[in-house]
Amino acid sequence: MFKLFSFNPLRECTYVLSDGSGQCVIIDPGASGAREHERLVRYISSGGLSVKAILLTHGHFDHILGLTPAAEQWPVPVYMSPRDRAVFDSAEEICTALGLIYTPYGGEIRPLEAGPLEVLGGVHIEVIEVPGHTPGCVCFYLPEEGLLFSGDTIFRGAVGRTDHFGGNHAQLLDSIRAGILPLPAATRILPGHGKETTIAEETATNPFLQ
């Protein structure tokens, strides 16, 4: 099961994914400020959940605003593609320009590569590399549950922006067609912003993919 939080001025989607045995991972901790962070803490504490890892779909600032508070609250491994390091390191400068409070994360980041990721007992997570929105974007696919945490690669009726540093529109579309659209049609897409959708819906109606 998963819990969705909408955080920070960009209404970024942070997810808590649990395995039914009390273990969970946090995907893209974007909480801005103490009040939003406390919402995350209350949910995890009230559910008696034990955080096992923090997973990043990519390194954009709105997806990591709450990373340092989360890593201090739950000192667990943090995972991100090494190809997104430059994007990740630009977050402080961007947040300063936007007037957002961001505490840079100085801890270890473990590398994500394509294939199985064993961080949550009882849940099979596959890492799918989908460069384009950023050089190191990944999706987290749960085949047994029919869920895809897509970050900012694909949205309901849209795809990720590529006019930021490291973006490549042609590469993004290739990644979606090769790595996402072949998944089962009923797969639920849980994006980094906005409402969820399905592979079937985006294959049939997404104007960027026609």
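## Charged residues and nonpolar cores in a predicted model

Asp19 touches Leu120, Gly121 and Val123, when residues up to four places away in sequence are not counted. The structure in which these contacts appear is a predicted model, and the values below are computed from it. Asp19 itself is found in the loop that runs between strand β2 (12-18) and strand β3 (23-27). Although Asp19 carries a side chain that counts as negative, Asp19 is buried and has no salt bridge. The nearest side chain of opposite charge, that of Lys52, is 8.6 Å away, whereas a salt bridge requires a side-chain nitrogen of Lys or Arg within 4 Å of a carboxyl oxygen of Asp or Glu, and therefore the pair does not qualify. The side chain of Asp19 does, however, reach the backbone nitrogen of Ser21, at 2.8 Å.

### Salt bridges

Elsewhere in the model, charged side chains do pair up, and the count comes to 6 salt bridges. Three of them are set out in the table.

| Salt bridge | Closest N to O distance |
|---|---|
| Arg85 and Asp89 | 3.1 Å |
| Arg156 and Glu201 | 3.3 Å |
| Arg161 and Asp163 | 2.8 Å |

Arg85 and Asp89 both lie in helix α3 (residues 85-89), where they are 4 residues apart, about one turn of the helix. Arg85 counts as partly exposed because its relative accessibility is 35%, and Asp89, with a relative accessible area of 48%, is likewise partly exposed.

The side chains of Glu201 and Arg156 also meet in a salt bridge. This pair links distant parts of the chain, since Glu201 belongs to helix α6 (residues 199-205) while Arg156 sits in the loop between β11 (154-155) and β12 (158-159), and the two are 45 residues apart. Glu201 is partly exposed because its relative accessibility is 29%, and Arg156 is partly exposed at 45%.

In the salt bridge between Arg161 and Asp163, Asp163 is exposed, because its relative accessible area is 55%. Salt bridges that share partners also join Arg83, Glu113 and Glu129 into one network.

### From Arg161 to a buried leucine

Arg161 can also be placed relative to Leu172, from which it is separated by 11 residues in sequence and by 9.1 Å in space, C-alpha to C-alpha. Leu172 lies in helix α5 (residues 169-180), and it counts as buried because its relative accessibility is 0%. Leaving out residues up to four places away in sequence, Leu172 touches Pro131, Gly132, His133, Thr153, Val159, Gly160 and Thr162.

### Nonpolar cores

The largest nonpolar core has 30 residues, and those with the most contacts inside it are Ile54, Trp74 and Phe88. The elements that give two or more residues to this core are the strands β1 (2-7), β3, β4 (50-55) and β5 (78-80), together with the helices α1 (33-46), α2 (67-73) and α4 (91-98). With neighbours within four places in sequence set aside, Phe88 is in contact with Leu56, Gly59, Ile64, Leu67, Met80, Tyr102, Tyr105 and Ile109. Apart from this core lies another, of 21 residues, which includes Leu117, Val123, Val127 and Leu142. Val123 brings the account back to its beginning, since Val123 is also one of the residues that Asp19 touches.

Definitions and conventions. Residues numbered from 1 in each chain as written. Predicted model: local features only at pLDDT ≥ 70, side-chain atom pairs only at ≥ 80, totals over all residues. Heavy atoms only, no water. Buried < 20%, exposed > 50% of the residue type's maximum accessible area, 1.4 Å probe, protein only. Polar contact = N/O pair within 3.5 Å; in protein donor to acceptor, adjacent residues only side chain to side chain. Contact = heavy atoms within 4.5 Å. Core = buried A, V, L, I, M, F, W, Y, C linked by side-chain atoms within 4.5 Å.
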